[in-house]
Amino acid sequence: MYGRYTQDLGTFAKDEAARLRLQQGHGEGGTPRPRRPSELLEYTQGRCAPCRVCALQCQRFLISKVGEDWVFLILLGLVMALVSWAMDFAIATCLQAQKWMYGGLDTNMLLQYLAWVTYPTVLITFSAGFTQILAPQAVGSGIPEMKTILRGVVLKEYLTLKTFVAKVIGLTCALGSGMPLGKEGPFVHIASMCAALLSRFLSLFGGFYEVRWEACRAPGARLGFAASLAPFFPVPGVLFSIEVTSTFFAVRNYWRGFFAATFSAFIFRVLAVWNKDEETITALFKTRFRLDFPFDLQELPAFAVIGIASGFGGALFVYLNRKIVQFMRRQKTINRFLMKKRLLFPALVTLLISTLTFPPGFGQFMAGQLTQKETLVTLFDNQTWAKQGISDEFEYLGILEAWRHPRSNVFVTLVVFILMKFWMSALATTIPVPCGAFMPVFVIGAAFGRLVGESMAAWFPDGIHTDSNTYRIVPGGYAVVGAAALSGAVTHTVSTAVIVFELTGQISHILPVMIAVILANAVAQSLQPSLYDSIIRIKKLPYLPELGWGHHEKYNVRVEDIMVRDIRYITLNCKYRDLQQVLQSTKMKNLPLVESAESMILLGSIERAQVGALLTHQLSPERRLQALRQKALALDRHRLSVASICFQV
């Protein structure tokens, strides 16, 4: 095909050059015709005809190459960086507006409470209503649906432009409300939709994407999956996509994923510097842990305890999230009421969480005025907040003041923060808005690690003595370990270890992080499925998850052991009566299509509704009138032919 294309292009170039030579006054053989001296200037300009042909060839070549992989990956990275930066800017503006309203009403606590509660309630209610009206498929994380799509199942309306718009606007409003929700999971769905829509757009230019765009949805979605977390952490974003998409990942997509992720991260960081959010391209949560002696080997048991406890905590989070959803669905009275009042449930949940996090109220015991980003910045701080449990010995500066309470120490604040945020995050992720759970779990894990680190610093105030050298314990390192362990336990991934390295910009705690993440995964996988597999089970999506520990004997089960043999089917040569009998004798939503009753070769399946619609269309009054007209025309032709034969005889 390529040789034929070049041959045709060369023939076209020759013909175009000959035509231009004739126009410029050349003969058929290319020899110039006689010219007058006044035509010398025109003759000189005619010598540029080959340049025009070359420019035309280059133009056609570039248009044919628009659909190639590298152009697609550059466009994908660029679009994802722009979308992520615009969303981050809008979310930061919304959060800043909430703080401005809260700070401007400091003279009246009642007005402060109303502003603190009303603002997120309005945003969450708008997000839920907008998503339900425009595209209900945009609700939730989107990773369970993407895992199902990448297994070959077609889910309608999940990769459309309408769902993309609903996801972006709904997620921006949900995160701008300040609720304990995450961005990473929905951003995976956004990137996959962007890749699918971009492949559909590039199919107009030919090249690799000239085939039907539906066939490109899976590879496009997989590339989008790999590039989804690129603006935040490009390298672990690709690794995380490989783990989350489960059993299969095409090796040929490695360079594609890293290329799109790197380009997207570069554009995202450049935009941040251009907007003066950062001075230069640095880590998002840059830490300053000491490098000469980051931790002592005697601290490894404490890191292992963090990993084991995070494994149990991750399994408990998945279990609690699933039980909340099942409780709401099993209570028929509540379910019917909420189906009629769809916006009531998100409004009530937002009202409850906002009331509990009100800073002058109960929120003063859990740093309620801090956003998730500010919370992570404080938790990763390398200074010790308390010495021997007395918080007054440390001078709190800036946003660290939120963790200080005059009537309690930092341990009480951290414990209250962990317990409250745990069930709040599990409840908030059930709201019918675009949201994820990765970042709330990440923050909870960081708080738990910080609690263990502060406890170690209190038990060993002078540090651990090693070879006559004293090194104080760094609680921020424990926070990094806890964040990676708990998020890895909830998602059943190990790449969260690489995520914290890229977030903090340091790999000094690589050994403790890997130990904690592996132990957390081992414990969590033996108790509960991952959060995404749990949601797949709740939604009853057509997806076969991996078997857990203790169920390996089920690998020996064959399809014939569980399949239904007595099933009605449709053949290629079946009649109208056969179709009616099949539709009347079974209530299956999908009917198998076989070649014949003798061979029983499966050709595919067809939905019951489609069969009914086709039958109705074939037997409609319009089709019957058309058949009668055709029959009358055939009868007239037959009469004419008989008359001509009689005339000839």
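"Buried" here means a residue has under 20% relative accessible area, "exposed" means over 50%, and "partly exposed" is whatever falls in between. Take lysine 147: its relative accessible area is 6%, so it goes in the buried group. Keep in mind that you're looking at a predicted model. With that vocabulary in hand, here's a quick tour of salt bridges, empty spaces, a surface patch and a couple of backbone oddities.

**Salt bridges**

- Side chains of opposite charge can pair when their charged atoms come close.
- How many salt bridges does the count come to? The total is five, and three of them are worth a stop here.
- Lysine 147 is a good place to start, since its side chain meets that of aspartate 533 in a salt bridge, at 3.0 Å from N to O.
- That pair links distant parts of the chain: aspartate 533 belongs to helix H21 and lysine 147 to helix H6, with their positions 386 residues apart.
- Is aspartate 533 buried or exposed? Its relative accessibility is 14%, and the cut-off for buried is under 20%, so aspartate 533 counts as buried.
- The helices H21 and H6 are joined by another pair too: the side chains of lysine 539 and glutamate 145 meet in a salt bridge, at 2.6 Å from N to O.
- Lysine 539 sits in helix H21 and glutamate 145 in helix H6, and these two are 394 residues apart.
- The two partners don't get the same label: glutamate 145 is buried, with a relative accessible area of 1%, whereas lysine 539 is partly exposed at 34%.
- Elsewhere, glutamate 374 and lysine 99 bring their side chains together in a salt bridge, at 2.7 Å from N to O.
- This pair also links distant parts of the chain, with glutamate 374 in helix H15 (residues 372–379) and lysine 99 in helix H4 (residues 69–104), 275 residues apart.
- Lysine 99 has 29% relative accessibility, which lands between the 20% and 50% cut-offs, so it counts as partly exposed.

**The second largest pocket**

- Rolling a probe the size of a water molecule over the atoms shows where empty space is left.
- The second largest pocket holds about 1000 Å³ of space.
- Which residues sit closest to its centre? Out of 38 lining residues, they are Val139, Val325, Arg329, Thr430 and Pro432.
- Several helices give two or more residues to this lining, among them H6 (143–150), H12 (300–330) and H21 (531–539). You've already met H6 and H21 as the helices that hold lysine 147 and aspartate 533.
- Sort the lining by class and you get 21 nonpolar, 13 polar and four charged residues.

**The cavity**

- The structure has one cavity of 30 Å³ or more, and the largest cavity contains about 40 Å³ of space.
- Its lining is made of Thr287, Phe289, Val480, Phe501, Thr504, Gln506, Ile507, Ser508 and His509.
- By class, that lining divides into four nonpolar and five polar residues, with no charged ones.
- Threonine 504, one of these lining residues, is found in helix H19 (residues 496–504).
- Threonine 504 counts as buried, because its relative accessibility of 2% falls under the 20% cut-off.
- Threonine 504 and valine 480 are 24 residues apart along the chain, and their C-alpha atoms are separated by 8.4 Å.

**A nonpolar patch on the surface**

- Phe126, Leu161, Val165 and Ile169 make a nonpolar surface patch of about 330 Å².
- Which helix gives the largest share of the patch? That's H7 (residues 161–176), with three residues.
- Leucine 161 is in helix H7, and its relative accessible area is 54%, which is over 50%, so leucine 161 is exposed.

**Backbone oddities**

- Most residues other than glycine have a negative phi, and most peptide bonds are trans.
- Glutamate 157 isn't a glycine, yet its phi is positive, at about 65°.
- Glutamate 157 is located in the loop between H6 and H7, and it is partly exposed, with a relative accessible area of 37%.
- Methionine 600 also has a positive phi, near 55°, without being a glycine.
- You'll find methionine 600 in the loop between strand E4 (590–594) and strand E5 (602–607). Methionine 600 is partly exposed too, at 41% relative accessible area.

Key: Residues numbered from 1 in each chain as written. Predicted model: local features only at pLDDT ≥ 70, side-chain atom pairs only at ≥ 80, totals over all residues. Heavy atoms only, no water. Patch = residues over 30% accessible without salt bridge, like charges linked within 9 Å, V, L, I, M, F, W, Y side chains within 5 Å. Areas by Shrake-Rupley, 256 points an atom, 1.4 Å probe, with all protein chains shown as cover. Salt bridge = Lys/Arg side-chain N within 4 Å of Asp/Glu carboxyl O. Helix = DSSP H or I, 4+ residues; strand = E, 2+ residues; numbered from the N terminus. Buried < 20%, exposed > 50% of the residue type's maximum accessible area, 1.4 Å probe, protein only. 1 Å grid on protein atoms, 1.4 Å probe; cavity = no way out; pocket = protein on both sides within 12 Å on 5 of 7 lines; lining within 4 Å. Points joined across faces, edges and corners; volume = space filled by probe spheres on them. Nonpolar A, V, L, I, M, F, W, Y, C, P; charged D, E, K, R; others polar.
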